[in-house]
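Trainee: Please take one part of this model and go through it closely with me. I would like to follow the rings and what surrounds them.

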Amino acid sequence: MGDGVDGEGEAKLEGSDVVFQTKHMNQHLICSLCMGYLRDANTVTECLHTFCKVCIYKHLAEYSFCPTCEVSLGPTPKDRIRSDRAIQNIVDKVFPHFAREEAAAEKAYKGGSESAKGGSDATKESEAKRRKVMQTVKDKRKEKDKDAAAVANKICLTLFPSLDEKGEHKVPRLLQPYLRSSVDATVKQHKLYLSKKLAEDHNMKVAIGEVEFVVKGNVLRNEMTFGDVWKQLWGVDDNSHLAVEYSINKEK
């Protein structure tokens, strides 16, 4: 396996070896967060996208969705992450020098000044190769950066039904209660969304005028944006999902 295959063809079988150009594997072995080859690969169980362990855990410290497809990972997103030895083994086999160099660098770090020099050289060589790979995916990184402003204008919401005196739900729960909303989306727009989801999930017909949204005991007005709700009622320093309680009043 390696870069020594001539031409732009597909993988070739040479004896018992499969030979291919590594650039054809890059998109499957690169972490989209750091744009380097996967280190300690971890995969999202909901969508099977894979990232470096350090990268995905850093992302989930701030967000609760997959950074690639933005599928919601719920209130405890780290529970949806699993170590992926299968992918990491592929990386280590296709690029064995990375694993050797990192092991040498770690050993040098623990072993003293003389071996530290060798470990430092190995680390520099490894990083040089990683920078080369990063250059080939530079355009993709730029596209993600362009989307950063849009992501910053999103709010994570949780829609859950109110409880009655017995502590039971007055109306059914949504099958997917977690969603991301634009800060400019209005309460009325999300009431329409709730009405459609109740019809899809439970075949329940609900008019927008029958829906009531409450946040921390405050009834939300239709014209309010969720940016206003977040700032005025939830608190800009609270990074958890904005919890919106809904109820249905058929007498309206």
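Mentor: Start with a term. Helices and strands here are DSSP runs, numbered from the N terminus, and a helix has at least four residues. Helix α9 covers residues 226–234, and Trp-234 belongs to it. Keep in mind that this is a predicted model.

Is Trp-234 buried or exposed? Its relative accessible area is 12%. Buried means under 20%, so Trp-234 counts as buried.

Now look over the ring. The charged end of Lys-216 sits there, 4.8 Å from the centre of the Trp-234 ring. Lys-216 does not come from a helix in this case: its place is the loop between β8 (211–215) and β9 (218–219). Along the chain, Lys-216 and Trp-234 are 18 residues apart. In space, their C-alpha atoms are 7.6 Å apart. Lys-216 is exposed, at 54% relative accessible area. The cut-off for exposed is over 50%, so 54% passes. Put the two together: a lysine that is exposed has its charged end over the ring of a tryptophan that is buried. Lys-216 has another partner in space. Its C-alpha atom is 8.3 Å from that of Ala-243, which is 27 residues away along the chain.

Move on to a second ring with a charge over it. Arg-180 lies over the face of Phe-65, 4.0 Å from the ring centre. Phe-65 is buried, with a relative accessible area of 4%.

Phe-65 also takes part in a ring pair. How many aromatic pairs does the structure hold? The count is 1. Its members are Tyr-63 and Phe-65, with 5.3 Å from centre to centre and 50° between the planes. Two values are given because a pair of aromatic rings is described by the distance of the centres and the angle of the planes. Why is this pair called tilted? Stacked needs planes under 30 degrees apart and edge-to-face needs over 60, so an angle of 50° leaves tilted. The partners differ in exposure: Tyr-63 is partly exposed at 35%, whereas Phe-65 is buried at 4%.

Stay with Phe-65 and Arg-180. Which residues line the largest cavity? Phe-65 and Arg-180 are among them, together with Ser-64, Ser-72, Cys-156, Leu-179 and His-241. The space inside is about 30 Å³. The count of cavities of 30 Å³ or more comes to 1. The lining is mixed in character, with 3 nonpolar residues, 3 polar and 1 charged. It also draws on two domains. Domain 1 (22–87) and domain 2 (152–248) each give at least three residues to the lining.

Last, go back along the chain to a loop that lies between α1 (26–29) and β3 (41–44), where you will find Met-35. Met-35 is not a glycine, yet its phi is positive, at about 65°. Met-35 is buried, at 3% relative accessibility. Asp-40 is in the loop between α1 and β3 too. Asp-40 has a positive phi of about 50°, and it is not a glycine either. Asp-40 is partly exposed, though, at 37%.

To retrace the path: Lys-216 sits over Trp-234, Arg-180 lies over Phe-65, and Phe-65 pairs with Tyr-63. Phe-65 and Arg-180 then lead you to the cavity, as part of its lining.

Terms used. Residues are numbered from 1 along each chain as its sequence is written. This is a predicted model: local features need pLDDT of at least 70, side-chain atom pairs count only at pLDDT 80 or more; totals for chains, interfaces and linings use all residues. Side-chain values use heavy atoms; hydrogens and water are left out. Rings of Phe, Tyr and Trp (its six-membered ring) pair if their centres lie within 6.5 Å; planes under 30 degrees apart count as stacked, over 60 as edge-to-face and the rest as tilted. Buried means under 20% relative accessible area, exposed over 50%, partly exposed in between (1.4 Å probe, protein chains only). A charge sits over a ring if NZ of Lys or CZ of Arg is within 6 Å of the ring centre and within 35 degrees of the ring normal. On a 1 Å grid over the protein atoms alone, a cavity is a set of points where a 1.4 Å probe fits but cannot get out, and a pocket is an open set with protein on both sides within 12 Å along at least five of seven lines; lining residues have an atom within 4 Å of a point. Grid points are joined across faces, edges and corners, and a volume is the space filled by probe spheres set on the points. Ala, Val, Leu, Ile, Met, Phe, Trp, Tyr, Cys and Pro count as nonpolar, Asp, Glu, Lys and Arg as charged, and the others, Gly among them, as polar. Domain bounds come from an automatic or database domain assignment. Helices (H or I, at least four residues) and strands (E, at least two) are DSSP runs, numbered from the N terminus.
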